[in-house]
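Okay, thanks for coming, everyone. Let me put the model up on the screen, and then I'll walk you through it.

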Amino acid sequence: MWRSRGYVEVEELKQMGLVPPPERMERGPVAVTECVEEIPCNVCEAACRLGAVSVEGLRGRPRVDWDRCTGCGVCVGVCPGQAMFVVSLAGGEGRVTLPYEFLPKLAPGMRVKLLSRRGEELGVGEVERVFEVNKTQVVTVRVPGELVMEVRAVWPL
Amino acid sequence: MRIAEHPILEFKRENPHTFAFEGVEVEAFEGESLAAALWAKGVRGLRRVSWGVLGPFCMIGYCSGCLVEVDGRRTRACLEPSRPGLRVGRIGDYVPRLAAEQPGKAEELEVDVMVVGSGPAGLSAAIVSGESGLDVHVFERHFRPGGQLVKQTHKFFGSGELFGGLRGFQIAERLVSRAREVGVRIHTRAPVLGYFKEGFFAVSEGERLLLVKPRAVVVSTGAVERLLPFPGNYLPGVMGAGAAQTLMNEYGVKPGERAVVVGAGNVGLIVSYQLLQAGVRVLAVVEVMPEIGGWLVHAAKIRRLGVPILTRHTVVRAEGGEQLERVVVAAVDERMEPVPGTEKVFDADLLLLSVGLTPESRLLAQMGARMVWSPELGGYVPYRSEYMETSIPGVYVAGDASGIEEATTAILTGRVAGYSAAVRLLGPRRDLLEKREEALRLLREARRTPFSARVVRGLERVIVRVAQ
Ligand code: FES
């Protein structure tokens, strides 16, 4: 159960219908929410200018409309729970966009450790793009395609 | 040690100077507490008692682990701002001197609304009553306003109008500047000593004694962190989670190098993440319950960085000489008793306790407000109406002092209390009543989460419905 583990497994996310199908990831970046408890928060919904994220009331799980979402990553930067990610398999290449709030600040070209939800090292990836939302760095990192739903943090090498 | 660079915070560090501690020079900056500067210097134990050495536990003026003598006066080092040339020393066998009589020194101050405590609840109450045109005075015993929001670096949940997405210290900045904008007077270093039945509050502000006569009062005195009983819990290096936040997030002082955190509620999870941001290694989070108490997202943030959360574990003892050196934890059985043979030893110089808070409601009790013990709300709290009025007419309560919740509900109960005070003094104006209803609506919304179920149960027993 996730409440004793401290994280959700991909299988559980799939059962909750939160994982976009591979075809959608191949078409380009798309947001994945891993916010599965009913937190009284709708910061993601308010930040999405495309109206692609909806939260029922101020609470409830956010849902991403995979057709509207362009994977811009703004929700990744604003989410107070750091539970928003963007994944992509476009062009047969894996990419994950995730929040990062540590030092050193990351920049394109830097190589970083890839970490799973459990903190295991999954290899090394290259930072491709970085922007900042209220001091949170939103970092897009290249990862092996099969790891787009596994890599959830990066750490400086 | 001071944190040179932080991913979120910038530390101003203006006007460097020194003071003397036991004859040794200690470097400090303007706006730093003596306790923070001493910790940065590596001084851990501040008080010698017959059975050991004590250090700071709370960093906000409650535990007295930081009692020192400053220029011959006994004071709490965590509430004392550093100034050049201070002479600070350990207290010996302290015998308080009789205060010299200073006839005629008390000053009277008549105010519309008196707010006690400048955290999110108090400032919110002050803002809404200030906006209504009332003369509002906030009294804060610390030397800076903002309460415990000041040391919160994470982004808050919520909607836009409740500061959702902003970081705690950013919310504090907004509340303080809004309060000043609407003419609220914030008195810092001004502890409220007590209420006198002649109808005034005694407040010590600097060298003067103020006798404050308010027409309405909001008590928003917050909460105190709980201590856990285990051998060695007094060792310097064992402290409340909030104390570590004060050190690293407010003053940029590293609380330790290697930490163990007790309690996987939101506070424990959030502080663990903040420790990592401050460059402290988190060896483990220990939780006695079979499940994590806080939001999953907060747990996930530290799990993915490799921090283990040991559920069904407890701390059995802390070891060390003059300060913490080791933490021993063990698994617990169904009766929550440690299981022999399951001990794990961590070489840690920091042990943070995040095992809950207790409402700080002593002022209300002293005033004679009817109090009730509520396990769901964390301790003794005053009975109150849904408009936050206590059993004493014109005296309101808000924030954690009314029951342990979190910053959003503190802001909202503060608004409700502030509007209630305004309604009392200005009459039942439609705009005030409507705004108060809106705050109550947001409050109900914020409490509609599975985690609020316990609080809501507690509230049912302490809210006295009144016909308005
Ligand atoms: S009173 Fe200063 S640390 Fe507790």
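I'll start with chain A as a whole and then go through some spots in chain B.

First, a caveat: what you're looking at is a predicted model. So please hear every value I give as computed from that prediction.

Right, chain A. We have five helices and nine strands here. If you walk along the sequence, the pattern reads α-α-α-β-α-β-β-α-β-β-β-β-β-β.

How does the radius of gyration sit against that of a compact globule? For 157 residues you'd expect something near 15 Å, and chain A has 15 Å, so the two agree. If you prefer a box, the C-alpha atoms fill roughly 40 × 30 × 30 Å along the principal axes.

On burial, 57% of the 157 residues in chain A are buried. Then contacts: take those in chain A with a separation of 6 or more, and 58% of them are between residues 24 or more positions apart.

The surface of chain A comes to about 6,500 Å² accessible, and carbon and sulfur atoms own 51% of that. As for charge, there are 20 positive and 21 negative ones in chain A, and their mean positions are 3 Å apart.

One local thing before we leave this chain. Have a look at the loop between strand 5 (94–100) and strand 6 (111–115) of chain A, which is where A:P104 sits. The peptide bond going into that proline, from A:L103 to A:P104, is cis, with omega near -5°.

Okay, over to chain B, and let's do the hairpins.

Strand 11 (residues 192–196) of chain B is the one that holds B:G194. Strand 11 is joined by four bridges to strand 12 (residues 200–205) of chain B, and the two run antiparallel. They make a hairpin with three residues between them, and in that turn B:G199 has a positive phi of about 105°.

So what stands opposite B:G194 in strand 12 of chain B? That's B:A202. B:A202 also turns up among the contacts of B:G194 once you set aside neighbours within four places in sequence, along with B:F200, B:F201, B:L363 and B:Q366. Is B:G194 buried or exposed? Its relative accessible area is 5%, and since buried means under 20%, B:G194 counts as buried. Just to place it against another glycine, B:G194 and B:G242 are 48 residues apart in sequence and 26 Å apart in space, C-alpha to C-alpha.

The other hairpin is further along. Strand 19 (residues 313–320) and strand 20 (residues 324–331) of chain B pair antiparallel over seven bridges. Here too there are three residues between the strands of the hairpin. If you want a register mark, B:T314 has B:A330 as its bridge partner in strand 20. And a reminder while we're on strands: in a regular strand, side chains alternate between the two faces of the sheet.

Next, a couple of methionines in chain B with backbone angles I'd like you to see.

B:M59 has phi near 65°, which is positive in a residue other than glycine. You'll find B:M59 in the loop between strand 4 (52–54) and strand 5 (67–70) of chain B. Its relative accessibility is 2%, so B:M59 counts as buried.

Then there's B:M336, with phi near 70°, again a positive value in a residue other than glycine. This one is in the loop between strand 20 and strand 21 (344–347) of chain B. At 37% relative accessibility, B:M336 counts as partly exposed.

Two more loop residues and I'm done.

B:Y234 lies in the loop between strand 14 (223–225) and strand 15 (238–240) of chain B. With a relative accessible area of 31%, B:Y234 is partly exposed. What does B:Y234 contact, apart from neighbours within four places in sequence? The list is B:W51, B:G52, B:V53, B:L54 and B:G55. Also, B:Y234 and B:G65 are 169 residues apart along the chain, with 8.9 Å between their C-alpha atoms.

Last, B:R447, in the loop between helix 9 (430–446) and helix 10 (453–462) of chain B. This arginine is buried, with a relative accessible area of 15%. Leaving out neighbours within four places in sequence, B:R447 is in contact with B:E405, B:T409, B:T413, B:S452, B:V456 and B:L459.

That's my tour; over to you.

Conventions
Residues numbered from 1 in each chain as written. Chains lettered and ligands numbered in written order. Predicted model: local features only at pLDDT ≥ 70, side-chain atom pairs only at ≥ 80, totals over all residues. Heavy atoms only, no water. Rg over C-alpha atoms; globule rule 2.2 N^0.38 Å. Buried < 20%, exposed > 50% of the residue type's maximum accessible area, 1.4 Å probe, protein only. Contact = heavy atoms within 4.5 Å. Areas by Shrake-Rupley, 256 points an atom, 1.4 Å probe, with all protein chains shown as cover. Lys, Arg positive; Asp, Glu negative; His and termini not counted. Charge placed at Lys NZ, Arg CZ, Asp CG, Glu CD. Pairing = 2+ DSSP bridges.
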